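Visitor: I have a new model open and would like a guided look at it. Could you take a few questions?

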Amino acid sequence: PSISQQLQHILNIALQSSDQLLHVAVYEWMLFNNLLVEMLSISNSSLGDFLSRSVTQTPINLHLADLLWKYYERNGEHSSAAKTLDKLATLHSDKIPLTKRIEYLARAVMCMRSDAVGYSVNHGEMLRDLEDKLEVAQVQKQIFDTLSSGSTRNSIDPLQVRAALKILDERLFNMSQLYSDYAENFDLWECQLTILNCSHHNEPRLINSVWSHILDKELDDGGSSTEKTQRLLSKVQSLANEFGVSPCFPLGKFSSPLI
């Protein structure tokens, strides 16, 4: 047998022991030697206990937290995997970029939708909470991408934009914070419309005001009348595809020629 097979055999013998301290020593040795894939092949409940304790002691250790949710998922403990993923997604840290937080939340939603989870009131509430967090995080990503692209008014200080991008990449915000502190503060009109739509906001005056700014921005970008018309039509079509029949797409506003 190869060295790896011999090693696996020795580890299996050690983990058959009832000595939990021996199990801990084995797991610590495997971590030290970066045998992460090999660890995930172990289904022994002592590994779950070890990883759970380790994550509690050092919550900022992302390698351990990743191992924990993968252990839970592989062993059919999908709600526990979802809870661990949720904690990772909402951890305030510059080590977890926004894209990774969205991945964690999407994976958590998948775990809670698994047939193995089963239905209960608590599971249903947890799934809805995760779906809501994922929706808000995706809006945060839209704001992040819009700021990154430089699509802001010229009067905004670039240093202010960089500071905002750093904060947006370090933690998740709620919808109210995203609207007032970022979409509104930086005049991100389309992001404002997205937030109003997600929040099921139905205030015609505010929605029409946001639409006016969106259309004015297209007109202010310059070009011939034909180019402006084409740009406006393209923008309206794009937003129609996104919002469909909703209060945030007021059809009456476009019942007459745009220009």
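Visitor: Which residues form one aromatic cluster?

Guide: Happy to help; a word on the source comes with it. This is a predicted model, where local features need pLDDT of at least 70, side-chain atom pairs count only at pLDDT 80 or more, and totals for chains, interfaces and linings use all residues. Residues are numbered from 1 along each chain as its sequence is written, and side-chain values use heavy atoms, leaving out hydrogens and water. Rings of Phe, Tyr and Trp (its six-membered ring) pair if their centres lie within 6.5 Å, with planes under 30 degrees apart stacked, over 60 edge-to-face and the rest tilted; the cluster is F173, Y182 and F186.

Visitor: How many aromatic pairs does a search of the whole structure find, and which helices does the pair of Y27 and F50 link?

Guide: The search finds 4 aromatic pairs. Y27 and F50 form a tilted one, 5.4 Å centre to centre with 40 degrees between the planes. Helices here are DSSP runs (H or I, at least four residues), numbered from the N terminus. The two residues sit 23 apart, in helix α2 (residues 20-32) and helix α4 (residues 45-57).

Visitor: Is Y27 buried or exposed?

Guide: Buried means under 20% relative accessible area, exposed over 50%, and partly exposed in between (1.4 Å probe, protein chains only). F50 has 5%. Y27, at 0%, is buried.

Visitor: What is the radius of gyration of the chain?

Guide: The chain has 13 helices and 0 strands. The globule rule (2.2 Å times the number of residues to the power 0.38, with the radius taken over C-alpha atoms) gives 18 Å for 259 residues. The chain is well over that, so it is more spread out than a compact globule, with a radius of gyration of 25 Å.
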